[in-house]
Amino acid sequence: MIIRLNDVYNNMLRFHNIAFGPIHSRRLGSSLGINLLPENGKLCNFDCVYCECGWNKDGTGDRSMPGVEDVAVSLENKLRECADREVHIDSITFSGHGEPTLNPHFPEIIDRTLELRDRFYPHAKVSVLSNATTVTDGRIFNALRKVDNPIMKLDASTDGGVAVVNRPSGHYDIGRIISGLAGFDGDFVLQTMFFRSPSFDTSAQANLCGWMDIVRRLKPREIMVYTLDRETPEKDLVKFPVEEMERLVRPLCEEGFLVQIRG
Ligand code: SF4
C-alpha cells in the first residue's frame with residue numbers, strides 16, 4: 001500500500017528508525033533518539049498549535065508501534081555502532097512522532113533501555129520528553145521515576161489555556177496532572193513553551209502568575225523554557241526573544257529555581 005502524506009506533514013516527520021541520531025539537541029547535547037510511535041505517522045493525545053509533527057488530522061492514521069524487542073534490537077545496534085565509532089552521547093532520549101508513554105510497552109522498554117545504557121554508555125542520561133498526561137497512570141509514573149530526566153510539559157496554567165495551546169483529545173484536568181507531577185517530589189524537569197498567538201499569550205498576567213504558582217508548588221529541579229524553533233501547523237504564532245523570557249522568569253531565578261532558557 002502506498003501512503004501519500006500531505007507535503008507539509010511529510011516534511012515534519014523526521015524519524016525513520018526506532019533509534020536515530022545522535023543529533024544535536026538544544027537542550028540535551030548529543031542526543032540519541034528513540035521513537036516509540038508509528039514510523040509513518042504522529043500519535044499523540046495532544047494536538048499542540050506549535051507541534052513540529054503537524055496536526056493530528058493530517059496524519060496517516062497509522063497506529064502501529066514497536067514492541068519491546070523491536071526497540072531493544074534497534075537500540076542495541078545503534079549503541080554498538082556508536083561505541084565502535086567512539087561517538088559521544090550525552091542522552092538517550094525518548095521523543096519522536098508524538099507522546100512516547102502512549103506505547104503500551106513503555107515501562108518494559110524503559111527497563112531494557114536502562115540495561116543497554118549501562119552496558120554501552122553508562123555515563124549517558126536517559127531522558128523522556130512527555131506531555132505529562134499519563135503521569136497519573138501508576139505503571140507509567142513508576143517507569144518515569146527510573147529515568148534520569150523525566151521532562152514534563154506544562155504550557156499553560158489552566159484547563160482553558162491547555163485547551164487553546166495543547167488541544168487535548170478527551171478529558172483533561174490540570175489539577176490531576178499537577179497532583180501527579182507532585183509525586184516526583186521535585187525530581188523532574190518542567191518544560192514550558194513560551195509564545196504568543198491571537199488567542200494565547202504565555203506572558204499574560206493571569207497565565208504567567210498561575211504558571212509560577214504551579215512551579216512554586218511542584219519545585220522541579222530544573223525548568224526548561226523555550227520558544228518556537230521550527231515551522232508550526234498554526235500560523236500567526238510569535239516567538240519570544242530570549243531577553244524577554246529572561247525577564248519573565250527572573251522572579252523564579254531570584255527564588256533559587258534553576259531555569260534553562262532556549263531561544
Ligand atoms: S505533545 Fe508534543 S507530540 Fe504531542 S502534539 Fe504537543 S508537541 Fe506534538
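This section describes the fold, strand pairing and interior packing of a predicted model of a single protein chain.

Confidence in the prediction averages a pLDDT of 92 over the protein chain, and 94% of the residues score at least 70. Residues 1-13 have a pLDDT below 50, and this stretch makes 14 contacts in the model beyond near neighbours in sequence. Where pLDDT is low, predicted coordinates should not be read in detail.

The protein chain contains eight helices and 10 strands. Its radius of gyration is 18 Å, close to the 18 Å that the globule rule gives for 263 residues, so the chain is as compact as a globular protein of that length. Taken along the principal axes, the box filled by the C-alpha atoms is roughly 50 × 40 × 35 Å. Buried positions make up 42% of the 263 residues. Among contacts with a separation of 6 or more, 73% are between residues 24 or more positions apart.

Both antiparallel and parallel strand pairs are described here. Strands β1 (residues 19-25) and β2 (residues 29-35) are antiparallel and share five bridges; a hairpin of three residues joins β1 to β2. Within this pair, alanine 19 has isoleucine 34 of β2 as its bridge partner. Strand β8 (residues 222-227) takes part in two parallel pairings: six bridges link β8 to strand β6 (residues 189-197), and four bridges link β8 to strand β10 (residues 259-262). Glutamine 191 is bridged to methionine 224 in β8, whereas tyrosine 226 stands opposite arginine 262 in β10. Strand β8 is mostly covered, with five of its six residues buried.

The arrangement of helix α6 (residues 174-182) was examined next. Ile174, Ile177, Gly180 and Leu181 of this helix are buried. Viewed down the axis of α6, these buried residues fall within an arc of 120 degrees, so they line one face of the helix. An α-helix has 3.6 residues a turn, so residues three or four places apart point the same way. The face of α6 turned away from the buried side carries the exposed residues Gly175 and Ser179. Packing partners of the buried residues of α6 are α4 (138-146), β5 (149-153), α5 (159-165) and α7 (205-218).

In the interior, the largest nonpolar core comprises 63 residues, and Ile34, Leu36 and Met152 have the most contacts inside it. Ile34 is also the β2 residue bridged to alanine 19. When residues up to four places away in sequence are not counted, methionine 152 touches Ser130, Ala132, Val135, Leu181, Phe188, Val189, Leu190 and Gln191. Among these partners, Leu181 is one of the buried residues of α6, and Gln191 is bridged to methionine 224 in β8.

Valine 215, in helix α7, provides a further view of the packing. This valine counts as buried because it has 21 C-beta neighbours inside 10 Å, where the cut-off is 20 or more. With neighbours within four places in sequence left aside, valine 215 is in contact with Leu190, Pro220, Ile223, Leu252 and Phe257. Leucine 252 is 37 residues from valine 215 along the chain, yet their C-alpha atoms are separated by 8.5 Å. Leu190, a contact of valine 215, is also touched by methionine 152.

Key: Residues numbered from 1 in each chain as written. Predicted model: local features only at pLDDT ≥ 70, side-chain atom pairs only at ≥ 80, totals over all residues. pLDDT = per-residue confidence, 0-100. Contact = placed C-beta atoms within 7 Å. Buried ≥ 20, exposed ≤ 12 C-beta atoms within 10 Å, placed from the backbone. Arc of directions from axis to C-beta. Pairing = 2+ DSSP bridges. Rg over C-alpha atoms; globule rule 2.2 N^0.38 Å. Core = buried A, V, L, I, M, F, W, Y, C linked by C-beta atoms within 7 Å.
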